[in-house]
Every structure is written in structure tokens, then in C-alpha cells.
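Hi,

Here is the structure I promised to pass on to you. Please open it alongside this note, and tell me if anything reads oddly.

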Amino acid sequence: MNDLFEKTLALMEQQRLAGVYSGYIGSFLEHGHFQRKVSGWAATVPNKEKLTADYLFDVASLTKVIGTTSVILRLLDRHELQLDDPVIRFLPQYADKRVTIRHLLTHTSDIQTWIEHRDQLAADELKKAYLQQQASSKIGQRVSYTDTGFILLGLLLEAIYQAPLADIFQKEVFEPLGMIHTSLGSPKGLLVVPTEQINGQVLRGTVHDPKARILGEHAGNAGLFSNVADLEAFVWMYAHGGEGYISREVLQATQQDQTPNRKGKRGIGWQLVGPTHTMLFHTGYTGTFLLIDCDQQSGLIFLSNRVHPIDERQAYITHRDQLVACYLSEKEKSEE
């Protein structure tokens, strides 16, 4: 690894030694190739396991951009849907005719997300409950991040393709991009980074997000397992103009603020960050994030086991934001 991101790498290691996470992989795309740093432990409970690049991670909400958003982009490219199409055009059983695909992709639907006994429902019951979730009177007026929008988008895609979302992702995302180790739901591989310890049981190869755990192969919000090599293939595609996977026109639309008032800093599925708010950013609850600069053909993949064995969310968010700020600062200086 060269010293281009020396401070960012040092901060990753510092955070690991401080116990923010016990293991991490950082992969930096610069000057046409990736450079990785792998450090620490894949697991600490019940036994310590050294982390290697072969391990699969539960990437949580990165499912939203890797899976669900990618399929939407392909459909936009083929003119099979439009951002301002109402959800009910494809999902007529949905309860709110005001909500559009753009609202869901940009988290501006302001849908009320409370579902009674949500984590105790069966998959079919949970789907029906989400189909009844409606927007408030503030629809389109503010960004409010939720899983609900992408769960609904997943159901919308299943209605279009008449297939489970796991099969749609396989056909439309993983196979075209050569992501041979990635899957929605419990992975087949043995090398899987465990997540949280709940009631004495360490989750390993089981989806961490309770909603996605119930929905299984139908979850558009979380539940993806992947490794660093597959994520590098995904980031490379974005950083190189879509590379025949999506058109440059659609790729550029992901870098433009798609919120109704153009102040929400949300592209298609992605949060927009950086000095000009054109860099693509998304996080995963389990301790992962992607940051892609399409204009400079660069990016950062970060994978950690921060919920293993205990979830310390607020402390991690502070450290994650410091890490992102450090990377952006070093990146800006390198481009001067």
C-alpha cells in the first residue's frame, strides 16, 4: 500500500486497536487499480479467527445500492420505468397512490414505518403490512432515511419480473458484474464474518437485520453477503462510466440531486457527498460503507465487523464519520 492515504489507513488501524471493531478491510481504488489493507480478527467470540480477504460480510444496507438500485437503474436505462412513475403502476396493491419511485429512492416519501409486532410476523404478514404503509402530508418535502422505501421497491421489482428478488439480483447484478461470491440471504460459503451476539447466540451466516431476516429472498433493504473482491468489481463499474452495465447518462443521474427541492443531497439510491456533492456514498449498519468518485475514477470500500460481538452504534457512527472525513481530506489534497 502506498502512502497516498497514509492518514486514513492509520486511523483505521487506530480505531481497530481502540476496539471500535476488531477487524476490517479497506480497499482503495486509485490510478486504475485497487490496493487493500486487511487487519485484525474476523471473529472474537467464541474463538478468535484471523480476518482474510476471502471472508464474506453481511453488508446490510449496502443491499439498497448494490442490489435494488442497480436493478432500477437497468430498468431506467431500458425505459421500462420512470422515476416519477407512481408505485401503484407496478404494485397496484400498494395503499398510497401518491408515492413515486423517486420518493422511495430518495427517502422523501415520509412513510410512517411503525408496524406492530413487526419482528414476530411471518414473511407474508410482513409484506402485507408494508403494502399498507402510507406517506404523511409532508411527502416530498424532506429526506427521512428508512428501510421501508427499499422494501417496497423490492416488492415492486418482484411484481415486474415475477420472480424472487434474490433471483432478480443474480440475473441483473451479480452475473453481469462477475460477483460470483455475492448472494441475498444466507450464503453458501463457510468463511463468513459473524455479527452480533444475541441472547448468547452469535449470528453467523444469518442476516443481521430483523426485517430482512424475515423477508429472506424478498428483502430489498438488507441481507446481502459479499466479499471485497466482488465489491471491487461493483465499484470499478461505477468508477469507469458504467462499463457497459448501465449507460453513462443513467450513471450521471445517480450523481445529481434527485430530491424534489434539490437540497436533499440524494441521487438515485445514493447519498451525495464531497466538495461538489457528486461522490456516491452509502453505509451498512453492520460496519460497512462504499464511497465512489465517478469523475475521478476512484473510491473506497470499507468492511468491518463492528457489531461483533456487541452493537455500539452511536460510538461507531462518530468514528465512521471521522474516517470518511479523513479520506475525503486526503483525497482532496492529492487532487490539488
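Below is what turned up around one strand and in a search for enclosed space.

Please keep in mind that this is a predicted model.

Let me start with strand 10, which spans residues 279–284. This strand is mostly covered, with 5 of its 6 residues buried. It has pairing partners in strand 9 and in strand 11, as follows.

Strand 9 covers residues 271–273 and pairs with strand 10 in the antiparallel sense, over 3 bridges. If you want a place to look, L272 has L280 in strand 10 as its bridge partner. The hairpin made by these two strands has 5 residues between them, and G274 there takes a positive phi near 95°.

Strand 11, residues 288–293, also runs antiparallel to strand 10, and 5 bridges join the two. Here G284 stands opposite T288 of strand 11. This hairpin has 3 residues between its strands, and G287 has a positive phi near 115°.

Now for the empty space. Searching the whole structure for cavities of 30 Å³ or more gives 1. The largest cavity has a volume of about 40 Å³. Which residues line the largest cavity? They are F57, D58, V193, P194, T195, T286, S304, N305 and V307. By type, the lining splits into 4 nonpolar, 4 polar and 1 charged.

If you are setting up a view, the hairpin of strand 10 and strand 11 and the cavity lining, T286 included, would be my picks to display.

Best wishes

Conventions:
Residues are numbered from 1 along each chain as its sequence is written. This is a predicted model: local features need pLDDT of at least 70, side-chain atom pairs count only at pLDDT 80 or more; totals for chains, interfaces and linings use all residues. Side-chain values use heavy atoms; hydrogens and water are left out. Buried means under 20% relative accessible area, exposed over 50%, partly exposed in between (1.4 Å probe, protein chains only). Helices (H or I, at least four residues) and strands (E, at least two) are DSSP runs, numbered from the N terminus. Two strands pair if DSSP finds at least two bridges between them. On a 1 Å grid over the protein atoms alone, a cavity is a set of points where a 1.4 Å probe fits but cannot get out, and a pocket is an open set with protein on both sides within 12 Å along at least five of seven lines; lining residues have an atom within 4 Å of a point. Grid points are joined across faces, edges and corners, and a volume is the space filled by probe spheres set on the points. Ala, Val, Leu, Ile, Met, Phe, Trp, Tyr, Cys and Pro count as nonpolar, Asp, Glu, Lys and Arg as charged, and the others, Gly among them, as polar.
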